[in-house]
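Ready for a walk through this model? Open your viewer, keep the selection tool at hand, and follow the stops below.

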Amino acid sequence: MSDLQEHPRLTLAHLLHPEHWDLPEWNGPHLDDAAGLIDKVDKLDHSIAILRRYRNTLRPIHRLSPDILALIFLQLVDGQDDPLSSRFGSVPWAYVAHVCYRWRIIALACAGLWTQIGTMYPAAALACLERSVDAPLSLVVHAVADADNSTHIINRVRPHMHRMRHLYIPWTHIHDDDGNMAAFLSSLLEAPAPLLETFHVFHVRADGRCFTLPTVFGGNTPCLRVLKMSYCSPQIGRMTFGNLRHLYIRGRKRDPISLEVSQLLDILEACPKLEVLVTVKARFFQDQPLEQEGERFRQIRLDSLRRMDISRCAAPVVSNLLRRLIVPNCQLSMDVWIERRSDFRFQFGVPDELCEEHPLRDIRKVQVEYRSSAGGVVIQGMTSIHPFSIIAMIHSGSDIGDIPTVSGPILLSLVKTLDLGLLTEFTISETSFYHPHVGFSKDLWVQVLSRMPLLCALHIRLGSISESGFCRVILSALSTTDEITGRLLCPNLDTITLREDRTWSSLQLYKFAKTRKAQGHPLKRLSLCLPHYENVEDMAETDLAELREVVDVVDLDPPMSPRIEFSAAVW
């Protein structure tokens, strides 16, 4: 009781009424020791800070628990997680530690806020190393890093390599002009990294040649999931791939990555969990047989592979590679050089014989787009599960000829190779070009369409300004009956759309549609976008009325053929 009497409990009511304060030298008695009083008032600043902290605790935001606030803070990190951004490692969210005492305590104790380290921001890097405690780290060695400005940071990071999760290094620091690794980085790349999940050798503008990645991290990366390499290629024994999910290999335009097919198969065999394989400016070649005499045909099963992009390779090599991969759930994107075999059949990267689990079986939709001005053809489509894309180009040094002269045999080779037994929609188109296509005979189209027994929709699209097209010869083939059964080709065909095909004949189509209707296979829709009708004011004066007698719907506004959605690979 005596203590309470000597030191009565202070309440907010006492502080909220200054007129009741008894302060010496203000509204109280004179005090000789004014300096001592000033010291006491100075100490009140600390009390006032505590009061302000108390005030902050009463606000609604402070009803959130520290764990919830920490999760909110971590969302700031997710929005700034591009490792190749110039701001990576600058910790721009550090301002949350300046808002109030409670936020500062929570932010500094949240190790996940301090895991991004960049050599461009040395002060922030050192602070992050201390505050991240034992959290997994992400390190970016910027292109401007060198022995003078980054050695101190690298030496401080080196003891923490056991918790490194993501590492990004420019290719010039791994392979300099003399083919050596940057000295200030060697200790980092030689250190064990048991938790490393991402290793990205990223692209920077500099002269140099592609190289094979040297042994890194002691050759052991048990947790590696993403491997992205610019201007370099992996090799068995220099790191481990048992847990790898994403593999990206990128070469230079004038110095592409070169890999023996056997090397690539060895790497893929070491990646049983691989999900994505992307190669850019990389070519595969086969100088030696993949099996010795008497050995079993080598095949690798990758059930998890869901995407494979291969670019600028010879078609026979890609075809051989695909024969050896069992990838039932994979979407394919290929960019190949067309080659012509001795039997005059064209190769465009797809094996002649497709196994039951090949990703190009069970095709439902195909778009064939000739790009004569570029010397190639684009084949895109959709199976019952995945899209696919094949860009087949004629090499500049090839004796094959140009696209208009070989477009017919290329199409025939295509339909003989692909599994089109369940195809329901087919589009053939040409981009703007001056020369007409040759080789599209009636017999060729009979062979092509006979392999599409379930075809329902046919789209013809032309951008050429020449008086050419595919319509007349296609309709002629579709009007041909089988010599044995007497049936027409593609009995389920009910939709035809034409755009800018100058071989259009209304009489031919009328006879074609009338015959199909008589045999119980009527056309349901005919969509036209042709110059014949551009300047006609009264459509009643045209032949559309006669066409509507044998076709359910005839219109002059054909829908645009939707492009096959095939997302670009993200580096």
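Begin with helix H5, residues 101-109, where Trp-103, Ile-106 and Ala-107 are buried. Look down the axis: these residues span an arc of only 100°, which puts them on the same side of H5. Keep in mind as you look that an α-helix has 3.6 residues a turn, so residues three or four places apart point the same way. Now add helix H4 (66-78) to the view, since H4 is included in what covers the buried residues of H5. A reminder before moving on: this is a predicted model.

**Next stop: helix H7**

Select residues 147-157, which form helix H7, and colour Ser-150, Ile-153, Ile-154 and Val-157, which are buried there. Viewed along the helix axis, the buried residues of H7 fit within an arc of 100°, so they line one face of the helix. What lies over them? Show helix H6 (122-131), strand E2 (137-140), strand E3 (164-170) and helix H8 (183-190), which are included in the cover of the buried residues of H7. Before leaving, zoom in on the start of H7: a side-chain oxygen of Asp-146 comes to within 3.0 Å of the backbone nitrogen of Asp-148.

**Two loops with positive phi**

Most residues other than glycine have a negative phi, and most peptide bonds are trans. With that in mind, go to Phe-217, in the loop between strand E5 (211-212) and strand E6 (226-230). Its phi is near 55°, a positive value in a residue other than glycine. Is Phe-217 buried or exposed? Phe-217 has a relative accessible area of 2%, under the 20% cut-off, so this residue counts as buried.

Then jump to Cys-490, which sits in the loop between helix H13 (471-478) and strand E23 (495-499). Here too phi is positive, near 50°, in a residue other than glycine. Cys-490 is buried as well, with a relative accessibility of 3%.

**Into the second largest pocket**

Turn now to the second largest pocket, whose volume is about 670 Å³. Its lining counts 32 residues, and those nearest the centre are Ser-311, Arg-312, Cys-313, Asp-335 and Trp-337. To see the walls, show strands E10 (276-280), E11 (282-285), E13 (307-314), E15, E16 (339-340) and E20 (387-393), the elements that each give two or more residues to the lining. Which element gives the largest share of the lining? That is E13, with 6 residues. Colour the lining by residue type and you will find 16 nonpolar, 7 polar and 9 charged residues.

Stay there and select Asp-335, in strand E15 (residues 331-337). Asp-335 is buried, with a relative accessible area of 15%. Leaving aside neighbours within four places in sequence, Asp-335 is in contact with Ile-310, Ser-311, Arg-312 and Cys-313, and also with Ile-391 and Met-393. Try a distance label between the C-alpha atoms of Asp-335 and Met-393: they are 7.7 Å apart, although 58 residues separate the two along the chain.

**Last stop: Ser-413**

Finish in helix H11 (residues 403-417), where Ser-413 is found. With a relative accessible area of 4%, Ser-413 is buried. Which backbone atom does its side chain reach? Draw the line to the backbone nitrogen of Phe-346, at 3.0 Å from the side chain of Ser-413. Not counting residues up to four places away in sequence, Ser-413 touches Arg-345, Phe-346 and Phe-348, so show those side chains too.

How values were computed
Residues numbered from 1 in each chain as written. Predicted model: local features only at pLDDT ≥ 70, side-chain atom pairs only at ≥ 80, totals over all residues. Heavy atoms only, no water. Helix = DSSP H or I, 4+ residues; strand = E, 2+ residues; numbered from the N terminus. Buried < 20%, exposed > 50% of the residue type's maximum accessible area, 1.4 Å probe, protein only. Polar contact = N/O pair within 3.5 Å; in protein donor to acceptor, adjacent residues only side chain to side chain. Contact = heavy atoms within 4.5 Å. 1 Å grid on protein atoms, 1.4 Å probe; cavity = no way out; pocket = protein on both sides within 12 Å on 5 of 7 lines; lining within 4 Å. Points joined across faces, edges and corners; volume = space filled by probe spheres on them. Nonpolar A, V, L, I, M, F, W, Y, C, P; charged D, E, K, R; others polar. Arc of directions from axis to C-beta.
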